[in-house]
Amino acid sequence: MSRNPVLFRALSHRNYRLFASGQVVSLIGTWMQTVAESWLVYRLTGSALLLGVVGFANRIPVFLFSTFGGAIADRYNRHRIVIATQVASMLLASLLAGLTLTHVVQVWHLMTIAAMLGVVNAFDIPGRQAFVVELVPREDLQNAIALNSSMFNGARIVGPAVAGVLVAAVGEGWCFFANAVSYIAVIAGLLLMKVPSGPQPAQRVSIWAHVAEGFRFVAGSRPILVLLLLLGVVSLMGTPYAVLMPIIADQTFHAGSRGLGLLMGATGVGAFIGAISLARRVGLHGYSRSIGLAAIGFGTSLILFSLVRSFWVGVALLLPVGFTMMTQMAASNTMIQSMIPNSLRGRVMAVYSMMFMGMAPIGALLAGAVAGWLGATTTVAIGGGFCLLAGLVFLSRVENFREGARALVRAQQVVPAPAPAVPTDVNAPMTEPVSS
């Protein structure tokens with residue numbers, strides 16, 4: 001760490017080290033379960049539409065309930081909220097493992113558990129996003145967010161590759177079991193933390209009023225709204241490519257479950273490189289243009305990927321897919337976190353979760369339906385085209401966006417964040433997508 005203090009500066013804080021060490025183990029298990037589950041659905045049904053339906057069941061609760069999760073994160077102890085959601089996720093992974101290993105699992109089981117996990121994530125994602133600010137001081141928050149993304153995508157490299165081998169050797173159930181066991185690491189890290197109680201709202205208002213306050217802040221903060229809209233378009237139209245990957249691995253590349261693991265792992269390698277490049281940056285200079293260029297690059301890479309029929313060329317093209325996707329989403333996360341007051345952090349990050357993960361299930365359902373009609377690769381190309389167009393529109397107006405963003409960042413710097421006695425994710429996801 002001493003040889004590269006900029007890259008790893010968030011790890012100088014004990015609480016963040018505990019958080020990170022648990023996440024590294026648990027996220028590998030999460031990615032193993034993600035890949036194994038998609039392959040299990042495809043093996044049981046052979047249906048592109050049902051792949052989309054299971055993805056929809058997993059993500060739509062985030063869209064529906066994350067605003068309430070954000071309000072809870074701003075009203076109650078975030079540390080305890082994250083512990084509770086991680087325990088619930090471990091229990092659901094254990095249930096999925098038990099059903100699969102006893103050979104009684106059916107598609108409706110997968111849909112039900114996916115939906116239950118989605119409800120847990122609706123509270124976990126905004127809670128964890130808001131909790132990060134309690135693990136590091138404000139000046140290291142940017143680095144902590146980027147390192148969260150690095151851990152998420154480092155696991156995205158290892159997890160799918162291990163899952164591909166395990167699924168082929170012993171079946172999906174053992175991947176689910178490994179994920180359940182991996183939660184022990186993150187729960188242990190959370191329990192070892194000493195986190196001071198964050199400030200609670202001075203006056204209790206109804207949760208509906210609390211939720212409405214968060215939406216009003218987002219609607220009145222144009223730079224935040226613009227970032228969220230761009231993120232929503234990319235999540236709706238672009239990220240569902242991952243839902244179709246089992247079909248592409250099998251029918252386009254004829255590579256089976258091991259090929260699926262390599263394809264998903266390649267995306268993770270690219271995303272990991274993107275996250276590391278952000279972790280090395282200090283300050284927000286250049287982030288606005290990077291976000292627009294990343295959306296353009298993401299759409300272009302998806303279009304090119306949809307055109308190839310060589311497996312290894314496809315693997316190579318997923319590197320820029322992962323790199324650009326992570327650059328846009330992590331940079332947007334960092335900018336939004338820098339533009340919001342801590343008292344609203346949970347609720348604003350809940351809206352971020354709605355756009356990042358909540359739009360994805362609608363996209364997954366749409367992609368599954370379109371893929372059954374036009375084919376998986378054509379569906380990926382159409383999604384890439386929408387992302388490319390959205391990035392071009394954003395970049396054409398980047399100067400106006402930058403001015404408004406600067407004003408919001410300066411407003412947060414005027415009121416310094418309180419310094420806790422003990423130095424204070426993602427994806428998850430991502431944020432991060434959803435993960436443990």
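# Exercises on helices, rings and loops

S301 has a relative accessible area of 8%, so S301 counts as buried (buried is under 20%, exposed over 50%, partly exposed in between, with a 1.4 Å probe and protein chains only). The model is predicted: local features need pLDDT of at least 70, side-chain atom pairs count only at pLDDT 80 or more, and totals for chains, interfaces and linings use all residues. Residues are numbered from 1 along each chain as its sequence is written, and side-chain values use heavy atoms, with hydrogens and water left out.

## Exercise 1

Place S301 in its helix and list its contacts beyond its sequence neighbours.

**Solution.**
1. S301 belongs to helix α11. Helices are DSSP runs of H or I of at least four residues, and strands are runs of E of at least two, numbered from the N terminus.
2. Helix α11 covers residues 287-307, which is 21 residues. Of these 21 residues, 15 are buried, so α11 is mostly covered.
3. Apart from neighbours within four places in sequence, S301 is in contact with L317, P320 and V321 (contact means heavy atoms within 4.5 Å).
4. S301 also lies 9.9 Å from G385, C-alpha to C-alpha, while 84 residues separate the two in sequence.

## Exercise 2

Compare the end-to-end reach of α11 and of α4 with the span expected for each.

**Solution.**
1. The expected span is 1.5 Å times one less than the number of residues.
2. For α11, the first and last C-alpha are 30 Å apart, close to the expected 30 Å.
3. For the 25 residues of α4, the expected span is 36 Å and the end C-alpha atoms are 35 Å apart, which agrees.
4. α4 bends by about 30° at N121. The bend is the angle between axes fitted to the seven residues ending at a residue and the seven starting there.
5. α4 is also mostly covered, with 18 of its 25 residues buried.

## Exercise 3

Classify the ring pair of W174 and F177, then that of F311 and W312.

**Solution.**
1. Rings of Phe, Tyr and Trp (its six-membered ring) pair if their centres lie within 6.5 Å; planes under 30 degrees apart are stacked, over 60 edge-to-face, and the rest tilted. This rule gives nine aromatic pairs.
2. The ring centres of W174 and F177 are 5.6 Å apart and the planes meet at 80°, so this pair is edge-to-face.
3. W174 and F177 are three residues apart in helix α6 (residues 172-192), so about one helical turn separates them.
4. W174, at 42% relative accessibility, is partly exposed; F177, at 40%, is partly exposed too.
5. F311 and W312 have ring centres 5.0 Å apart and planes at 75°, an edge-to-face pair.
6. F311 is buried at 14% relative accessible area, whereas W312 is exposed at 58%.
7. Ring pairs join F311 and W312 with F253 and F305 in a cluster.

## Exercise 4

Find where H103 and H254 lie, and state the sign of phi for each.

**Solution.**
1. Most residues other than glycine have a negative phi.
2. H103 has a positive phi, near 60°. H103 sits in the loop between α3 (78-101) and α4 (107-131).
3. H103 is exposed, because its relative accessible area is 72%.
4. H254 has a positive phi, near 50°. H254 sits in the loop between α9 (245-252) and α10 (256-279).
5. H254 is exposed, because its relative accessibility is 65%.
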